[in-house]
Amino acid sequence: MRAVDALFDAYLLDMDGTVYLGDALLPGVAAFLGRVERSGRRRAFTTNNTTKTRAEYAAKLRGLGLTAEPGDIVTSGSLTAAWIRRHRPGARCFVLGEPPLLAEFAQAGIALTKDPAEVTLVVTSYDRTFAYWKLQTAFDALRGRPEVGFIATHPDAYCPFPGGQGEPDAAAVTAAVAACTGRRCEAVIGKPSAAMAVTACAGLGVAVGRTLLVGDRLATDIAAGRAAGTPTALVLTGDTSLEDLAAAPDDALPDYAVASLDDLA
Ligand SMILES: [Mg+2]
């Protein structure tokens with residue numbers, strides 16, 4: 001690894017732990033983004049978190065004093081909606097997720113249903129509105145019906161909060177459905193799959209090899225960049241400590257490591 005010695009055409013920034021922590025902007029972020037924007041380079045914001053729509057994330061960034069529109073954001077929810085339109089057009093989805101994810105799907109024209117007999121695709125996600133009836137519906141839709149698909153928006157086991165707390169994330173919901181049906185997800189869409197970086201670069205009109213992916217987690221952000229072929233930079237403002245980085249195997253390492261986005265400015 002080395003200090004960032006190159007300029008890139010575009011920057012893909014993870015949000016939580018990279019741009020902000022909880023509701024606080026991290027040091028140097030505004031200066032970094034100001035430089036990127038003034039130099040005519042492109043940037044987009046990414047997250048595996050499906051508990052807000054792209055419009056809500058853009059509003060959150062604007063509330064922190066940054067410039068952002070919904071089109072600047074890629075969430076695993078918007079990515080999953082795009083995946084369904086491409087790979088399962090016409091799917092009738094039962095979604096174990098929160099209202100913002102359902103809104104993202106509805107906006108993309110995806111049919112939603114709670115009737116197991118109508119379901120052709122079960123989608124699991126981060127769901128703090130999880131309830132037994134949802135598990136029952138997924139069970140009824142999938143059991144003995146191999147033609148019904150099963151995908152997850154993202155693989156995160158938990159969502160970390162400042163101060164070491166956290167919440168169970170999508171992997172727990174996915175595991176509940178898998179445990180009772182014996183089915184395995186056919187696709188897990190968010191980071192560390194390559195899809196988020198590839199989709200964001202396509203949206204920006206930039207080459208993946210000329211884009212720097214910046215994030216705070218080795219297993220999701222950095223792995224996604226490596227899978228997509230984008231150079232990667234790890235920031236130490238979120239989930240990964242210097243000790244974690246030192247202990248990581250060679251094939252998990254980022255191209256660059258910086259204390260914060262301030263050091264990229
Ligand atoms: Mg993060």
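1. Let me start with a small strand: Leu25 sits in strand E3, which spans residues 24-25. This is a predicted model, so please read everything below as computed from it. Is Leu25 buried, exposed or partly exposed? Leu25 counts as partly exposed, because 16 other C-beta atoms lie within 10 Å, and a buried residue would need 20 or more. Setting aside neighbours within four places in sequence, the contacts of Leu25 are Tyr20, Ala30, Leu64 and Gly65. Glu104 is 79 residues from Leu25 in sequence, and the two C-alpha atoms are 25 Å apart.

2. Ala31 makes a good companion to that point. Ala31 belongs to helix H1, residues 29-38. Ala31 is partly exposed, because its count of C-beta neighbours inside 10 Å is 13, and a residue is exposed at 12 or fewer. Which residues does Ala31 touch beyond its neighbours within four places in sequence? Those contacts are Asp262 and Ala265. Leu61 is 30 residues from Ala31 along the chain, with 14 Å between their C-alpha atoms.

3. Now to the sheets. One is an open sheet of six strands in the order E5-E4-E1-E13-E14-E15, and its pairing is parallel. Its edges are strand E5 (73-75) and strand E15 (256-258), each of which pairs on one side only. On average, neighbouring strands here are turned by 20 degrees against each other, direction ignored. Three bridges link strand E4 (residues 42-47) to E5 in the parallel sense, and Thr46 has Val74 in E5 as its bridge partner. Helix H7 (residues 195-204) packs on this sheet, where H7 touches strand E1 (10-14), E4, E5 and strand E13 (211-215). The direction of H7 makes about 150 degrees with that of E4.

4. The other sheet deserves its own look. This open sheet has five strands with parallel pairing, ordered E7-E6-E8-E9-E12. Strand E7 (111-112) and strand E12 (187-188) are the edge strands, each pairing on one side only. E6 and E7 are joined in the parallel sense by two bridges, and Arg92 is bridged to Ala111 in E7. E8 and E9 run parallel and share four bridges; for Val122, the bridge partner in E9 is Phe150.

5. Where do the residues of E9 point? Gly149 and Ile151 point one way from E9, while Phe150 and Ala152 point the other way, and all are buried.

6. Helix H5 is worth following residue by residue. Its buried residues, within the span 132-142, are Lys134, Thr137, Ala138, Ala141 and Leu142. Why do they line one face of the helix? Viewed down the axis of H5, these buried residues fall within an arc of 120 degrees, so they line one face. The general background is that an α-helix has 3.6 residues a turn, so residues three or four places apart point the same way. On the other side of H5, the exposed residues are Tyr132, Trp133 and Gln136.

7. What covers the buried residues of H5? The cover includes strand E6 (92-96), strand E8 (121-124), strand E9 (149-152) and helix H6 (170-181). H5 lies across E6, E8 and E9, and runs at about 145 degrees to E6. After H5 comes Gly144, with a positive phi near 70 degrees.

8. A peptide bond to check by eye: Lys191 and Pro192 are joined by a cis bond, with omega about 15 degrees. Pro192 lies in the loop between E12 and H7. As background, most residues other than glycine have a negative phi, and most peptide bonds are trans.

9. Finally, the domains. The domain assignment of the protein chain gives domain 1 as 10-48 + 191-264 and domain 2 as 88-188. Over C-alpha atoms, the centres of domain 1 and domain 2 are separated by 27 Å. How many residues of domain 1 are in contact with domain 2? Seven residues of domain 1 are in contact with six residues of domain 2. On the domain 1 side, the touching residues comprise one nonpolar, four polar and two charged.

Definitions and conventions: Residues are numbered from 1 along each chain as its sequence is written. This is a predicted model: local features need pLDDT of at least 70, side-chain atom pairs count only at pLDDT 80 or more; totals for chains, interfaces and linings use all residues. The arc is that of the directions from the helix axis to the C-beta atoms. Two residues are in contact if their C-beta atoms, placed from the backbone, lie within 7 Å. Two strands pair if DSSP finds at least two bridges between them. Axes are lines fitted to C-alpha atoms, for helices over the stretch in contact, and angles run from 0 to 180 degrees between N-to-C directions. Domain bounds come from an automatic or database domain assignment. Ala, Val, Leu, Ile, Met, Phe, Trp, Tyr, Cys and Pro count as nonpolar, Asp, Glu, Lys and Arg as charged, and the others, Gly among them, as polar.
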